[in-house]
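Reader: I should like to go through this structure by way of a few questions, each reasoned to its answer. Where shall we begin?

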Amino acid sequence: MIKRLEGKRGLVTGVMSKLSIAYWIVKALADQGAQVAVGCYTAHATRVAELLSDTAISGIFPFDAAIEGNTEAMMGVVGNHFGQVDFAVHSIANAPEAVLKGRFTDITLADFNRMNQVCVYSLIEMSRGLWPYLHPASTVLAMTFPPGSQ
């Protein structure tokens, strides 16, 4: 089998379970020969490592997107690990339990701001942190999630 991504190096964030889009992205990239680092929420690092134990990955890089600067700092660690980054996939979503179980109209400003920090601003921090390690052909991909779809 030809491995189309042999020699490519990058990062995928947002793996939580086999139901995560990011999980399947990691599997597909690794199957095609890419060196894949996995960024995940610090508290889930052990579970994510176990989940991907059958996949050739370049390491688990835990971080907390809710802490300003934490995402950007972790990207520097990933960049130093690879030297150069060919791709990055941002697949981070988060919402407080009350928001997930409540009505859309009951979301507070504090919950809205936290969700935006975790789901949106972390993409900016990710891009900023990876910037020194990207090259003109690098790709940064952001997954979107339809929050009102359920």
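Author: Let us begin with aromatic rings: those of Phe, Tyr and Trp (its six-membered ring) count as a pair if their centres lie within 6.5 Å, and planes over 60 degrees apart make the pair edge-to-face. The model is predicted.

Reader: How many aromatic pairs does the structure hold, and is the pair of tyrosine 23 and tryptophan 24 stacked, tilted or edge-to-face?

Author: The structure holds one aromatic pair. The ring centres of tyrosine 23 and tryptophan 24 are 4.8 Å apart and their planes stand at 90 degrees. Since planes over 60 degrees apart meet the criterion, the pair is edge-to-face.

Reader: Which of these rings belongs to a buried residue, tyrosine 23 or tryptophan 24?

Author: A residue counts as buried under 20% relative accessible area. Tryptophan 24, with a relative accessible area of 49%, is partly exposed. A relative accessible area of 2% makes the buried residue tyrosine 23.

Reader: What covers the buried residues of α1?

Author: The buried residues of α1 are Ala22, Tyr23, Ile25, Val26, Lys27, Leu29 and Ala30. In general, an α-helix has 3.6 residues a turn, so residues three or four places apart point the same way. The cover over the buried residues of α1 includes β1 (9-13), β2, α2 (45-51) and β4 (85-90).

Reader: Which element supplies the largest share of the lining of the second largest pocket?

Author: The second largest pocket holds about 500 Å³ of space, and 23 residues line it, with Gly14, Met16, Ile92, Ala93 and Asn94 nearest its centre. At least two lining residues come from each of α1 (21-31), β2 (35-41) and α5 (109-130). The largest share, three residues, is supplied by β2.

Reader: By class, how many residues of that lining are nonpolar?

Author: Sorted by class, the lining of the second largest pocket has two charged residues and seven polar ones. The nonpolar residues in this lining number 14.

Reader: How many disulfides are there, and why is cysteine 40 not bonded to cysteine 119?

Author: A disulfide calls for a pair of cysteine sulfur atoms within 2.5 Å. The sulfur of cysteine 40 is 16 Å from the closest cysteine sulfur, that of cysteine 119, which is too far for a bond. Cysteine 40 counts as buried at 2% relative accessibility, whereas cysteine 119, at 23%, counts as partly exposed. By the distance rule, the number of disulfides is zero.

Key. Residues numbered from 1 in each chain as written. Predicted model: local features only at pLDDT ≥ 70, side-chain atom pairs only at ≥ 80, totals over all residues. Heavy atoms only, no water. Phe/Tyr/Trp six-rings, centres within 6.5 Å; stacked < 30°, edge-to-face > 60°. Buried < 20%, exposed > 50% of the residue type's maximum accessible area, 1.4 Å probe, protein only. 1 Å grid on protein atoms, 1.4 Å probe; cavity = no way out; pocket = protein on both sides within 12 Å on 5 of 7 lines; lining within 4 Å. Points joined across faces, edges and corners; volume = space filled by probe spheres on them. Helix = DSSP H or I, 4+ residues; strand = E, 2+ residues; numbered from the N terminus. Nonpolar A, V, L, I, M, F, W, Y, C, P; charged D, E, K, R; others polar. Contact = heavy atoms within 4.5 Å.
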